[in-house]
Amino acid sequence: MIFITGPLYSGKRAFAQKLLDSTPEALAEKAVWDVQELARDCSDLEALADELSRREVVIATETGGGVVPADPAERAGREAAGRLSCLLAERAETVVRVFCGLPAVLKGSLP
């Protein structure tokens with residue numbers, strides 16, 4: 001599994017599409033994105049990470065930057081998203097951070 005992360009609107013999906021040489025429609029069959037949203041109400045992040053890691057590409061938006069939310073539920077959701085990203089990075093063969101459309105390989109190598 002290739003795990004791609006980075007800030008909002010940084011070009012993660014465009015990079016994945018180019019990496020897999022696929023159309024947006026074909027990418028939807030090979031990849032799952034915005035997985036940080038799945039972590040918010042998840043009671044078992046380990047099981048979610050196991051399930052997601054079966055996909056060819058998993059994309060998550062970094063949620064740790066910026067002002068910490070005052071609302072406890074929002075803070076918990078952000079914490080869960082960060083924990084899920086750690087679990088996915090651990091399971092991934094390759095981890096890529098995309099910033100301003102530029103990929104940086106953090107783990108493994110690109111196919």
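**Figure 1. Overall dimensions of the predicted protein chain.** The radius of gyration of the protein chain, taken over C-alpha atoms, is 14 Å, which agrees with the value near 13 Å for a compact globule of 111 residues. That globule value follows the rule 2.2 Å times the number of residues to the power 0.38. Along its principal axes, the C-alpha trace spans about 40 × 30 × 25 Å. The model is predicted: local features need pLDDT of at least 70 and side-chain atom pairs pLDDT 80 or more, while totals for chains, interfaces and linings use all residues. Residues are numbered from 1 along each chain as its sequence is written, and side-chain values use heavy atoms, without hydrogens or water.

**Figure 2. Secondary structure and contacts of the protein chain.** Five helices and five strands are present (DSSP runs numbered from the N terminus: H or I of at least four residues for helices, E of at least two for strands). Their order along the sequence is β-α-α-β-α-α-β-α-β-β. Of the contacts (heavy atoms within 4.5 Å) with a separation of 6 or more, 65% are between residues 24 or more positions apart.

**Figure 3. Surroundings of Ser85 in helix H5.** Helix H5 covers residues 72–91 and includes Ser85. Ser85 is buried because its relative accessible area is 18%; buried means under 20%, with a 1.4 Å probe and protein chains only. Neighbours within four places in sequence aside, Ser85 contacts Phe3 and Ala60. Across the protein chain, 37% of the 111 residues count as buried.

How values were computed
Buried means under 20% relative accessible area, exposed over 50%, partly exposed in between (1.4 Å probe, protein chains only).
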